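Trainee: Could you take me through this structure, beginning with its strands and then turning to a helix?

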Amino acid sequence: MTTWNPEELTRIAEPEMFDLSAQLEDGTTPKTVGIWAVAVDGRLFVRSYTGLAGKWYAPALASLRGRVSAGGVTKDVRFERVTDEATNTAIDAEYLAKYTPSPYAPEMGQEPVRSHTLEVIPVD
């Protein structure tokens, strides 16, 4: 499994939002959305607040490929669903810590949002 370079992970995860594009079936990544993301234990995670209705989430699940960009770093990535309870609990805490006082921060750690968690893994 490819891991994040610590400097690149910081540059991508530190800003409030980063740009994410999910790859479509034809290999293009036409839609870019600004999205919240958190880093936990050297790994990067995103959650879809609106589930399959989100512009990026259904294509990301279908292709499991995309691209992220922030802090001068652009990376092709793959997505992997997160179902591990301990990892999800750590992600919950990080969303709350990073995004409070937003009224959406608590909801990012609750169902149904919580079940829409993807790990963002760099592709080298």
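Mentor: What follows is a short discussion of strand pairing and of one helix. This is a predicted model, in which local features need pLDDT of at least 70, side-chain atom pairs count only at pLDDT 80 or more, and totals for chains, interfaces and linings use all residues. Residues are numbered from 1 along each chain as its sequence is written, and side-chain values use heavy atoms, with hydrogens and water left out.

Trainee: How many residues of strand 1 are buried?

Mentor: In strand 1, residues 18-22, 4 of the 5 residues are buried, where buried means under 20% relative accessible area and exposed over 50%, with partly exposed in between (1.4 Å probe, protein chains only). Strands (E, at least two residues) and helices (H or I, at least four) are DSSP runs, numbered from the N terminus.

Trainee: In which sense does strand 1 pair with strand 2?

Mentor: Strand 1 and strand 2 (residues 32-35) pair in the antiparallel sense over 4 bridges; pairing requires that DSSP finds at least two bridges. Phe18 stands opposite Ile35 of strand 2.

Trainee: And what is the bridge partner of Asp19 in strand 5?

Mentor: That partner is Ser69. Strand 5 (residues 65-70) also pairs with strand 1 in the antiparallel sense, over 4 bridges.

Trainee: Changing topic, which residues of helix 3 are buried?

Mentor: They are Thr87, Asn88, Ile91, Asp92, Tyr95 and Tyr99. Seen down the axis of helix 3, these buried residues fall within an arc of 145° (taken from the directions from the axis to the C-beta atoms), so they line one face.

Trainee: Which exposed residues does the face turned away carry?

Mentor: Ala86 and Ala97 are the exposed residues there.
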